[in-house]
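Visitor: Hi! Could you walk me through this one?
Guide: Happy to, let's open it up.

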Amino acid sequence: KKKQTEKEKEVELKIPDDEYIVQQTPIQPEKTRPQPLRVYINIEDMKKLKLMTGDFIFVRNPHSDSRAFGIAWPSVAIHKSKIQIGKILIENAGLEPGSTARLEQCSIDRTTDLDLVRIKLNGKLPTDKSFPLYFKEVLIELEYTVNGQLFEISYSGNVFKANLFIDDGVIGRITRNTKINFIPEKKVELGNVGYKSIGGLKESIDAIRDMVQVPLRNPENFTKYGFAPPKGLLLYGPPGTGKTLIARAVAAETGAHVIIINGPEIVSKYYGETEAKLKDIFEEAAVNAPSIIFIDEIDSICPKRDDSQSELEKRIVTCMLTLMDGADDLNLQDRPRVFIIAATNRPDSLDPALRRPGRFDREFEIGIPNADARYEILRTICSKVHHNLTDEEFHQISLVAHGYVGADLAAVVREAGLKAIQRVEKNHLEEDISGDKELIIQYPDMIDGLANVRPS
Ligand code: ADP
């Protein structure tokens with residue numbers, strides 16, 4: 001036994017004097033109130049650190065900037081040079097059980113009762129009305145908080161990560177009077193994807209806008225004749241041709257509520273989770289109608305149903321079909337105005353059931369651009385960079401860039417920019433006063449760029 005303790009001591013000796021081994025607080029028996037912020041510290045260490053019970057402290061990760069805010073609590077059950085903290089603190093400080101941490105006096109000395117806590121969740125806010133109430137109870141249990149504190153909350157089987165926002169530089173106390181505001185999940189930035197940043201696709205954009213806008217804005221144009229308005233549009237064509245750009249621009253322009261999802265990102269291996277996410281998305285769209293749901297890379301969630309299709313894939317396709325058909329149960333007039341735009345590089349690998357009327361009843365191909373379109377695309381991309389190319393030079397590059405799609409051309413311009421940077425730096429080193437000081441892309445840079453990018 002003695003040997004063991006000596007071994008233990010040896011291990012402990014290796015730890016710097018001001019660091020403490022982190023242990024995770026065991027889950028508390030139900031009768032005692034959970035104390036998520038407490039940092040249990042050996043009494044001797046408390047004395048050494050001149051800490052009093054209840055002092056606010058920071059638990060700091062010695063190897064990074066992360067720190068967590070907690071409350072010092074003496075314990076006889078904790079060995080010297082060890083601390084016990086809960087999951088919240090471990091995560092906030094970016095630590096793990098067994099790693100070491102430093103303890104610091106908390107530099108914030110202002111404590112204030114909070115009127116308002118703003119909260120960002122990692123997922124969509126559950127529509128269930130009792131969620132905010134439940135959430136508040138959890139916060140009241142937490143009692144104190146600082147800006148940016150992260151914590152986890154499980155609710156009806158889902159785990160949410162919540163990030164708290166309060167005034168900087170205060171320790172906030174959450175009371176029954178504290179109001180909670182949920183910050184809506186950030187919509188993908190649509191701002192920059194105006195039509196101005198899309199080259200050579202004007203006709204496609206106009207056609208697509210009409211397909212989307214009429215059913216959304218004036219569904220009665222269809223319903224008065226007893227027709228169901230179109231529900232979905234499938235954009236297909238090779239990768240990098242601007243399908244995503246178009247969908248986002250159209251969505252932004254229609255002023256509809258937009259939900260953008262990426263096929264592969266929503267697929268979860270956990271049973272039922274993907275379907276639940278899809279249902280949530282369609283529900284959010286219906287509640288906020290008129291809405292557009294944009295599903296990028298839909299082939300990844302709805303591949304052809306055949307023998308090689310997995311159970312998961314079968315379930316997702318079925319769910320997708322049900323959701324798209326769902327609105328048909330209602331009277332035509334009451335149909336929620338939700339339009340779905342989906343993009344795929346491989347329309348043939350898509351489950352054909354999706355392409356039947358009443359589902360993706362419109363299809364639109366975005367093909368490989370011709371020389372004129374390439375010229376438009378290059379001009380659009382270059383309108384955002386410094387260059388001194390003439391119109392003639394743009395035409396020449398467009399002519400030779402056969403087979404290059406929008407994404408390739410964007411890469412060519414990026415490469416040309418790198419060349420220009422190298423030239424400026426070289427001139428700078430050689431102190432060649434005749435050299436350029438400013439970063440300007442020149443024709444030879446573009447030719448170099450072209451040589452460095454192979455069309456996809
Ligand atoms: P897709 O969805 O068809 O695979 P994206 O819309 O994602 O292609 O395009 C990828 C990138 O290529 C865009 O972010 C943009 O930089 C560039 N790009 C593609 N097409 C165009 C275009 N017509 N005009 C300007 N840039 C384009």
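Visitor: Which residues touch the most other members of the largest nonpolar core?
Guide: Val212, Leu235, Ile246, Ile292, Ile293, Met320 and Ile341 do, in a core of 45 residues. A nonpolar core is a set of buried Ala, Val, Leu, Ile, Met, Phe, Trp, Tyr and Cys residues joined through C-beta atoms within 7 Å; buried means 20 or more other C-beta atoms lie within 10 Å of a residue's own, with C-beta atoms placed from the backbone. This is a predicted model, where local features need pLDDT of at least 70, side-chain atom pairs count only at pLDDT 80 or more, and totals for chains, interfaces and linings use all residues. Residues are numbered from 1 along each chain as its sequence is written.

Visitor: And is there a second core? Which residues does it include?
Guide: A separate core of 26 residues includes Leu37, Phe69, Trp73 and Ile85.

Visitor: New topic: which residues come nearest the ligand?
Guide: Gly242, Lys243, Thr244, Gly406 and Ala407, out of 18 around the ligand. Being near means a C-beta atom, placed from the backbone, within 6 Å.

Visitor: How many of that shell are nonpolar, polar or charged?
Guide: Nine are nonpolar, eight polar and one charged. Here Ala, Val, Leu, Ile, Met, Phe, Trp, Tyr, Cys and Pro count as nonpolar, Asp, Glu, Lys and Arg as charged, and the others, Gly among them, as polar.

Visitor: What's the mean pLDDT of the protein chain?
Guide: The mean is 83, and 87% of the chain's residues reach 70 or more. pLDDT is the predictor's confidence in each residue, from 0 to 100.

Visitor: Any scores beyond that? What are ipTM and pTM?
Guide: The model scores ipTM 0.97 and pTM 0.57.

Notes. Buried ≥ 20, exposed ≤ 12 C-beta atoms within 10 Å, placed from the backbone.
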